[in-house]
Number of protein chains: 2
Amino acid sequence: MNEFELIERLTRSLPGNKSVVVGAGDDCAVLDAGPGERLLLFKTDAVVEGVHFASGTPPEKVGHKALGRCLSDIAAMAGTPTAALVTLGLPRNFEVGYVEGLYGGMNALARRHEVAIVGGETTTNPERMFVSVALLGWVAQGKAVLRSGAMAGDAIFVTGELGGSLEGKHLEFEPRLVEARWLAEQFPIHAMLDLSDGLAGDLRHILQASRVGAELLSASIPISAAARRAAKANPSAKPPLLAALTDGEDFELLFTVAGRRAVPLLDAWRARFPAARLTCIGKITGKEGITIRDRQGARPLTEHGYIHFA
Amino acid sequence: MNEFELIERLTRSLPGNKSVVVGAGDDCAVLDAGPGERLLLFKTDAVVEGVHFASGTPPEKVGHKALGRCLSDIAAMAGTPTAALVTLGLPRNFEVGYVEGLYGGMNALARRHEVAIVGGETTTNPERMFVSVALLGWVAQGKAVLRSGAMAGDAIFVTGELGGSLEGKHLEFEPRLVEARWLAEQFPIHAMLDLSDGLAGDLRHILQASRVGAELLSASIPISAAARRAAKANPSAKPPLLAALTDGEDFELLFTVAGRRAVPLLDAWRARFPAARLTCIGKITGKEGITIRDRQGARPLTEHGYIHFA
């Protein structure tokens, strides 16, 4: 049983109540906390030593990543983060300076996005550092951008460049909070998420939630320099396009908008964020699954993101 | 450096913002999420295999404890819990049935208190199970009961019986949510917390936050049958009174109320909760520190809860 199957089984019968607007299965939970024009966004995420970061990673980067992952999920809803709690599972003989550095990285990122850190807990996890962040945010009523709104004919956009995140970006990315809120204010965004499992896998989450399909243009996928370098340095590494499609932890925004808005959106983006790349990589179709089109024609993209060479 | 010193150091310079009503240092963080008559309560807590529960503990009890600890903190603010997120760090070769049992225990407790479970995350923690729960709740503006409101002349009350929780109660306690809300609705409660570190240590948290002292009546401390049994079975175990003062994980409410309200409160409690014990164990004084009074007179209770026998 893989992670997705386990989650599917566990989330079948979770208790609910009338506060729940969106429960398990989107980037954040969305809650109606009573009278007021705001909905709450609620998210947790954990990074574990040896799993999400290597032992010996500078602690500031670990703290940055731990909070940054949650912030990226609030961005994916076009929300504003408010307050975080931090749970630290500390190994035996941890160094106080390391923990202070971890908080330093977290605090700096929190301050840039006006997020308060309002407490948390330290406990013991003897063999390795375990950092879990819980984050609260908000979004105006009716303004949360879910995964389920994509429609046939939508243009599919992605921010930044994809692949090779493990070369460094996964510890240093800036969550796209400003960009996501701007997008949702300026244009009716139909569906959005942040890329954590890789474009091919995450796009499938939008398609399944929206009950649509997609066609990607191979030549349009924005491949990062890191993915190209990795392929060049090691002939047995993934080819760059495959890395861009399947590497995880890009923490870029993937979203869809009605096709007729694609050009105005690109123009407005370039005026507002001249330094940040935004690319139209394909379109939403009415036919289930993902196809990828290159000079040889269109081919299906398999379940796990790997290109099926016929 | 112990846990409290580490937390003191880490919480000196946490980022804040205008949503923060109460940050790190009370049972929950209290947040003002914008217009509306409610404040948010925000709490995380973790249980770790081999630290907070033994390997082989029935999974339903682990799930119950993981959520119950957070619920107990919401109770300590006289709040109402709303929604929880669950982070599971799963060891290698975990059994799906165990994880389902853990959720089963959590779901049952959540349903009894109308708490929604709105998602979470599964990740890897190779050597042991790590369960972190993030919980949101609410309290009416001005109605959160903090640790900082105790005043000289207050009566000190505790619910239930203390000590020996590790014999079983720590896996089965019912968080005192109903009782805490009733108390805060019926009487002006000055300060409250839930007992997790032991009466002597936790009372000190109230005293430090409120800048007062306390005198306890030795004969009034409600000692649990489990603490008595443990002392009887093992002559080298803590004497029962010491266990009641210093054992952790009682998850009972400790609160203070103006002395003149002590008798009406006890009468009203007995009418409303005839099956639940409530005991007045002493009073708040203007003099720093804790003294404990028995037939031989009053003696200071030392820092770590141990009675100093002169």
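**Predicted model of a two-chain complex**

In this predicted model, chain A has an average pLDDT of 92, and 97% of its residues score at least 70. The pLDDT falls below 50 over residues 306-310 of chain A. In the model, this stretch makes 10 contacts beyond near neighbours in sequence. For the complex, the predictor reports an ipTM of 0.91 and a pTM of 0.93.

A turn of 180 degrees, with a shift of 0.0 Å along the axis, lays chain A on chain B with an RMSD of 0.0 Å. The two copies are therefore related as by a two-fold rotation axis. Within chain A, Gly36(A) has the C-alpha nearest this axis, at 2.8 Å from it. Both copies use the same surface, in that 100% of the contact residues of chain A recur in chain B.

At the interface, 58 residues of chain A are in contact with 58 residues of chain B. On the side of chain A that touches chain B, two or more residues come from each of the following elements of chain A: helices H1 (3-10) and H3 (96-112), and strands E2 (29-31), E3 (38-48), E4 (80-90), E5 (116-124) and E6 (130-140). Of these, E5(A) gives the most to this side, with nine residues. By residue class, the side of chain A that touches chain B consists of 31 nonpolar, 19 polar and eight charged residues.

Notes:
Residues numbered from 1 in each chain as written. Chains lettered and ligands numbered in written order. Predicted model: local features only at pLDDT ≥ 70, side-chain atom pairs only at ≥ 80, totals over all residues. pLDDT = per-residue confidence, 0-100. Contact = placed C-beta atoms within 7 Å. Least-squares fit on C-alpha atoms with pLDDT ≥ 70 in both. Helix = DSSP H or I, 4+ residues; strand = E, 2+ residues; numbered from the N terminus. Nonpolar A, V, L, I, M, F, W, Y, C, P; charged D, E, K, R; others polar.
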